[in-house]
Amino acid sequence: MSAPPRQFQQAAHKAMSDGALQGALKHLKAGFQVKRAHAFEGLADPESLREAGRAIRAHALSALDELLVQFETRVRANGGHVHWARDAGEARAIVTRILQENGARTVTKGKSMVSEEIELNAHLSRHNIEPIETDLGEYIIQLRDEKPSHIVAPAFHLARREVEKSFREKHVSLSTDRALDSRPALVAEARAIMRHHFETADAGITGANFLVAETGSAIIVTNEGNGDLTRLLPKTHIVVTSIEKVVPKLDDVAVLLRLLTRSATGQEITSYVTVMSGPKREGDADGPEAFHVVLLDNGRSAILDSPAREILQCIRCGACLNHCPVYGVIGGHAYGAVYPGPLGAALDPGLDGIATTYDLPNASSFCGRCDSVCPVKIPLTRIMRHWRNEAFARALPSGSFGFGLKLWAAAARRPWLYRLAAGIAARVLRSRAGNEGRIRAFPILKGWFQARDLAKPAGKSFQVQWRKRKT
Amino acid sequence: MAQAKDMSDAARAEILERLRRGRRSVAAHSYVHRCATDGLDRLFAEKARAANTQVSRIADVDQAPEAIWAALREANAAPRLHLSPESRLNALPWQRAAGLTILRERPSGRDAAVSEADYGIAETGTLVFFSGPKTPSSWHFLPGHEFVLLPHDRILPRFEEVISRMGATMPATMNLVTGPSRTADIEQTIERGAHGPRELHILLIRQTTYARG
Amino acid sequence: MTAAADGSRVRVGLFITCLVDLFRPQIAFAAVKLLEQAGCDVDVPEQTCCGQPAYNGGDAKDAAALAKQAIAALEAYDFVVVPSGSCAGMIRVHYPRLLQDDTAWSARAEKLAEKTHELFYFLVNVRGMTEVAAQCDGRVAYHDSCSSLREMGVNSEPRRLLSSMKGLQLCEISEPQTCCGFGGFFSVKYPEISARMADDKIADAKATGAEMLVGGDLGCLMHLAGRMARRGEKIAVRHAAELLAGAGDQPAIGEET
């Protein structure tokens with residue numbers, strides 16, 4: 001699922017020279033960061049709200065199996081179906097089977113990161129079912145055959161010109177001399193095209209932002225309304241989601257919503273929040289006739305019983321991405337995994353294994369900004385450190401760095417050896433520097449010298465000077 | 001079909017077994033979000049307007065037809081309004097809006113439609129709609145211009161109050177609608193009318209009960 | 001906690017940090033001077049490394065061993081003061097976590113954590129220092145390290161002391177919350193990303209018109225000074241303690257011959 005190791009460095013390098021991406025990343029500061037800050041300033045007691053969010057999610061995780069069983073019972077009582085999938089393959093098979101049984105050929109899709117995780121679209125296409133993304137950002141990247149670069153704003157990495165180019169290339173039935181050089185024109189075109197798909201689709205697939213055990217509900221949170229048109233108009237509605245999203249009560253969602261929308265887009269609430277509790281009831285004017293929920297595990301149950309447990313509290317707001325200085329420099333694609341940024345660094349090793357994902361928790365300066373903005377107080381850096389422990393234990397990426405660390409620690413544990421080694425290192429570096437105050441190149445710790453000079457060490461360490469003074 | 005059920009059952013058993021190992025003892029929270037409890041209609045109007053919603057006030061629900069007709073004229077929109085056949089708004093005096101044509105089929109993306117909200121949430125200026133026979137849920141997403149009637153006495157402080165008034169059975173769909181449809185997916189700049197309505201217009205009704213059942 | 005106002009003296013164990021020990025001893029001498037001005041009896045027990053490289057590198061075992069060594073060396077003092085937000089954070093925030101399941105050491109780690117402070121925080125909030133006698137002419141920008149901000153609660157304290165210096169114009173960079181890209185071994189393992197983060201921070205500092213950049217963490221400062229030297233930028237970089245102790249005219253980081 002993830003990019004092979006070492007591709008991260010190359011992908012990051014490419015991202016840093018990508019002018020369009022770098023221009024888009026500037027929006028993080030003026031946009032997402034400012035909006036979130038403003039929204040939280042409007043709260044009388046933001047820290048209590050964050051603590052409530054953490055407590056709700058932690059409490060839900062503490063009895064996850066019970067809540068899921070309760071959820072399943074309620075969904076069935078409402079007339080819906082619940083399916084369980086251990087991994088991506090099982091989830092894809094379930095969705096495909098339901099669609100085939102209903103003779104579905106075209107399927108509209110609301111935004112679902114879980115469906116990205118299981119690579120659903122490609123699988124459906126191979127089975128002659130056409131998936132059509134309806135969230136504007138997802139639609140744009142589907143046209144371009146790209147992956148989302150941000151969990152809330154999938155087309156974040158693109159400039160308007162690139163969107164226009166894709167629309168002209170793919171909307172071939174429209175007149176070539178139409179004006180498309182403004183955002184309103186692009187949105188209007190997408191709206192018209194999508195309306196046709198909404199009305200003709202055989203089935204609709206959405207994700208779920210939350211699942212509610214006491215009511216058997218799945219909840220979607222959007223600004224566009226695409227998720228609603230996706231699941232209201234066709235006969236069949238499938239919710240593709242994951243097991244950790246369940247909370248006990250609808251009141252819990254009321255609290256979490258306040259955190260989610262402020263943290264994601266700086267809104268007090270999004271245009272649409274929809275609580276879906278089964279197929280249409282007798283007498284309802286519209287609504288799906290069949291309601292299916294596919295619950296995906298894909299490694300989460302193992303994460304639950306591990307030191308990375310708290311990453312399952314995540315409500316997918318994207319605030320950690322928006323505030324991460326590394327994400328702010330390389331963007332989402334460079335991570336080479338479904339979930340980028342600090343979220344991905346904490347979650348992807350649990351889903352895909354540390355062997356292919358060790359770069360993610362390592363490519364962090366541990367600045368802690370993600371921890372400070374997470375609405376449910378996930379200790380992201382602590383979880384990344386856990387994955388570093390796992391990587392170290394497996395000598396990933398190679399033994400040499402770990403060996404160097406152990407050498408340093410062995411010296412540090414023996415003050416006499418530390419002084420000796422430090423003295424030798426100082427002499428070597430000083431001779432390398434000569435008369436200059438700094439060293440430009442050195443065969444050890446080459447990564448430092450690739451980008452920086454190093455100030456030369458002191459002739460005598462502090463402790464040597466200090467002891468001399470004292471005698 | 002049976003094989004698929006067996007697979008799902010096997011998956012279910014395995015997943016639940018693994019999840020049991022993740023059980024911990026964790027206390028529930030006791031947070032209560034504070035919100036004003038009076039002046040709700042004013043708070044509602046302020047929040048709704050902040051979310052790009054037009055808010056008008058009428059004294060009595062019977063004034064709705066004329067108010068909507070006037071709003072459509074002011075917006076230079078076609079004098080046509082979609083109204084669900086089952087809605088009790090059919091009993092309003094539409095004849096007073098003489099130039100307004102009422103249509104009872106599904107609206108398209110350029111049309112105007114009217115419905116009534118089940119509740120309003122003052123904290124965020126949000127309309128609450130339950131699915132049922134009255135108005136199809138999709139009508140809150142299909143038209144280009146949505147008009148919604150909301151009596152003052154249906155405005156509650158928070159989502160929590162709405163939940164506490166709901167019975168044991170959930171409707172199939174509960175929509176919380178705040179402002180028109182929007183997207184910021186292109187260059188992080190907001191545009192309206194991504195898929196749902198471009199315009200949302202709420203008529204707050206002072207009279208607390210509908211004149212007609 | 002004893003304030004200088006009541007005249008009582010306290011015994012401070014100074015944890016100098018390995019970077020200071022090896023690369024820039026004058027920072028530790030400046031810290032000693034400031035602490036003595038604040039009425040402290042300063043001792044520097046034999047010490048090596050706080051263990052943070054091992055801890056963040058995934059080697060919890062060695063980190064725990066180094067933590068115990070440091071605790072044993074430091075726990076007898078009234079206070080432990082560190083001229084570095086990140087090493088202070090290691091002792092105060094992370095030692096208790098690292099040793100929480102170790103029955104013999106857990107309480108000792110907690111006790112030490114409680115009395116460990118970053119240098120400027122200690123001088124201002126614990127000893128009540130409000131000004132320094134040293135002077136400095138020119139525009140100076142202050143660089144907050146992430147651990148000072150987020151682990152050790154340092155923000156206004158160094159600014160307060162710097163502002164008291166005659167002739168000094170304190171400049172504020174626009175994004176103190178954004179990491180400079182040091183992050184320990186992150187700077188070595190991911191040099192291109194680290195350098196880009198440094199460039200953003202340097203651009204921010206340049207935009208203030210500052211002639212000097214000072215901070216409380218030598219790691220950040222060596223990373224920024226090293227990047228500026230590579231790029232030919234002219235802002236002088238020092239630890240704020242050097243300036244406050246009156247040693248601001250000595251060669252800046254990377255300038256010693």
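Gly120(B) sits across from Ile155(B) of β8(B), and that is a handy place to step into this predicted model. The two residues belong to a parallel pairing in which strand β5 (residues 119-121) of chain B meets β8(B) over two bridges. Strands here are DSSP runs of E with at least two residues, helices are runs of H or I with at least four, and both are numbered from the N terminus. Two strands count as paired when DSSP finds at least two bridges between them.

Now zoom out from that pair. An open sheet of eight strands runs in the order β8(A)-β5(A)-β6(A)-β9(A)-β9(B)-β6(B)-β5(B)-β8(B), with mixed pairing. At its edges are β8 (246-247) of chain A and β8 (155-156) of chain B, each pairing on one side only.

A word on bookkeeping: residues are numbered from 1 along each chain as its sequence is written, while chains are lettered from A and ligands numbered from 1 in the order in which they are written. Since the model is predicted, local features need pLDDT of at least 70 and side-chain atom pairs count only at pLDDT 80 or more, whereas totals for chains, interfaces and linings use all residues.

Over in chain A, have a look at strand β7 (residues 236-242), where seven of seven residues are buried; buried means 20 or more other C-beta atoms within 10 Å of the residue's own (exposed is 12 or fewer, partly exposed is in between, and C-beta atoms are placed from the backbone). In a regular strand, side chains alternate between the two faces of the sheet. In β7(A), Thr236(A), Ile238(A), Val240(A) and Ser242(A) point one way, and His237(A), Val239(A) and Thr241(A) point the other. The strand has parallel partners: β4 (residues 203-206) of chain A over four bridges, and β10 (residues 290-296) of chain A over seven. His237(A) is a good landmark, standing opposite Gly204(A) and also opposite Phe291(A) in β10(A).

Next stop, helix α9 (residues 136-144) of chain A: seven of its nine residues are buried, so the helix is largely enclosed by the rest of the structure. The buried ones run from Leu136(A) through Gln142(A). Their cover includes β3 (130-133), α10 (160-170) and α11 (183-200) of chain A, plus β10 (182-183) of chain B. Just past the helix, Asp145(A) adopts a positive phi of about 55 degrees.

As for chain A overall, it has 25 helices and 12 strands, and 59% of its 471 residues are buried. Its C-alpha atoms fill a box of roughly 95 × 60 × 45 Å along the principal axes.

Terms used. Two residues are in contact if their C-beta atoms, placed from the backbone, lie within 7 Å.
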